[in-house]
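Trainee: I have the sequence and the model open. Can you walk me through some of it?

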Amino acid sequence: MTISLFERMPNLRLLRLINARDIKGNFSNLFPKLRCIRWHSCPWTHIPSTFHPQNLVSMDMPMGRFKILWKGPVPIKQLNHLSCLYLSQCRDLKRLPEQLGDMKTLQKIDASFTAIKKLPESITHLKDLIELNLRFCKKLKKFPEQFGELKGLKKLNAGHSAIEQLPDSITQLKELLTLYLFGCKKLRKLPEQIGNMQGLRTFHASNSALEQLPDSFSCLINLERLYLSECKNLANLPNSIWQLKSLKVLHLESYSSLVQLPEHSGMVQCSQDLHAYRTSKEEVPPDSTGQLRRLQVLGLGCKKLEFVP
């Protein structure tokens, strides 16, 4: 495909390329009004230095062959409207640009299924960032220490990454609504002050290596969904977990170490969905489940269960 084709389209706002093998040429002064580009399986190993539509809002280029995004300086001034950067399944991409934090307008970044090993320290400058997807980044071991400076972050997905620990500063993310850590086989503990994240609505750490929940976990007063299935290193749940008055969904499937639920489970008055399939639980705490008046689903597929009050 030749670049001359686009020279006759000065008002183009949305560009979607399907089965385009390549586009070569000088992109300077092209696409003056382009807002969105979607190019599946882009063959570029890097974005040409002349490609920087000044009104671009969304760059959606999944399954590309990028090794780096830009050679040389990032064209920050030309991309001062970019809000969404989608790079999912760009499997050769090993790093994001160091100047990423200077792209102040970024709100959503999807780098899932890439080979990135670390995040640039400057990412913490993105005060308007709302969503960060790092799912299946199997070489990513840690976040920047000042990660908590992403004050506007509402959704963080690091499921099936190689994250070994979360920085203490992450507890400063009080606007965070969802935290996905499922499949993090190297994550053994959470920050002690995780209870400070009082905006959290969903915590998903199923199939992780977590060994315990910090005492402050009971301070997550707005938590509605808690997923801890397949957490085989988690020896017990603290009794204080039932102080989560907003909890509606609790999943403990295949929690092989769990012998019994903590006492006073009836304190979760608004629980609607309790799953404990394939655990080794021997009894349900007496005088508790009868207080779960809003419960709609109760799953207790437990071979050793001997007593239900």
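**Strands, loops and contacts**

Mentor: Start with Leu17, whose bridge partner in strand β2 is Trp39. Before going on, note that this is a predicted model, where local features need pLDDT of at least 70 and side-chain atom pairs count only at pLDDT 80 or more, while totals for chains, interfaces and linings use all residues. Residues are numbered from 1 along each chain as its sequence is written, and side-chain values use heavy atoms, leaving out hydrogens and water.

Trainee: OK. Which residue in β2 is the bridge partner of Leu15?

Mentor: Leu15 has Ile37 as its bridge partner there. In total, 4 bridges join β1 to β2, residues 36-39. The two strands run parallel. Strands count as paired if DSSP finds at least two bridges between them.

Trainee: Which way do the side chains of β1 point?

Mentor: They alternate along β1, which covers residues 14-17. Leu15 and Leu17 point to one face and are buried, that is, under 20% relative accessible area (over 50% is exposed, in between is partly exposed; 1.4 Å probe, protein chains only). Leu14 and Arg16 point to the other face and are not buried.

Trainee: And which side chains of β2 are buried?

Mentor: Ile37 and Trp39 are buried and point to one face of β2. Cys36 and Arg38 point to the other face and are not buried. Put that beside the bridges: Ile37 is the partner of Leu15, and Trp39 is the partner of Leu17.

Trainee: Which strand is joined to β2 on from there, and by how many bridges?

Mentor: Strand β3, residues 58-60, is joined to β2 by 3 bridges, and the two run parallel. Ile37 has Met59 as its bridge partner in β3. So much for that corner.

Trainee: Zooming out, how many helices and strands does the chain have?

Mentor: There are 0 helices and 13 strands. Both are DSSP runs numbered from the N terminus: helices are H or I with at least four residues, strands are E with at least two. The pattern along the sequence is β-β-β-β-β-β-β-β-β-β-β-β-β.

Trainee: How much of the chain is buried?

Mentor: Buried residues make up 51% of its 309 residues. As for contacts (heavy atoms within 4.5 Å), take those with a separation of 6 or more: 39% of them join residues 24 or more positions apart.

Trainee: Show me one buried residue. What does Leu132 touch?

Mentor: Leaving out residues up to four places away in sequence, Leu132 touches Ile109, Leu119, Ile123, Phe147, Leu153, Lys155, Leu156 and Asn157. Leu132 lies in strand β6, residues 131-133. Its relative accessible area is 2%, so it is buried. The C-alpha atoms of Leu132 and Gln107, which are 25 residues apart along the chain, are separated by 8.5 Å.

Trainee: What about Tyr227, buried or exposed?

Mentor: Tyr227 counts as buried because its relative accessibility is 18%. It belongs to strand β10, residues 225-227. His204 is 23 residues away along the chain, yet the two C-alpha atoms are separated by 4.7 Å. His204 is also among the residues that Tyr227 touches, along with Thr202, Phe203, Ala205, Ser206, Val249 and His251, not counting those up to four places away in sequence.

Trainee: Where is Ile221, then?

Mentor: Ile221 is in the loop between β9 (202-204) and β10. With 44% relative accessibility, it counts as partly exposed. Beyond its neighbours within four places in sequence, Ile221 is in contact with Gln198 and Ser246. Measure in C-alpha terms and Ile221 is 8.4 Å from Leu247, which is 26 residues apart in sequence.

Trainee: Change of topic. What is the phi of Asn19?

Mentor: About 60 degrees, a positive value although Asn19 is not a glycine. Asn19 is found in the loop between β1 and β2. Its relative accessible area is 76%, so it is exposed.

Trainee: And where is Asn29, and what is its phi?

Mentor: Asn29 is in the loop between β1 and β2. Its phi is near 70 degrees, which is positive in a residue other than glycine. Asn29 counts as exposed, because its relative accessibility is 78%.
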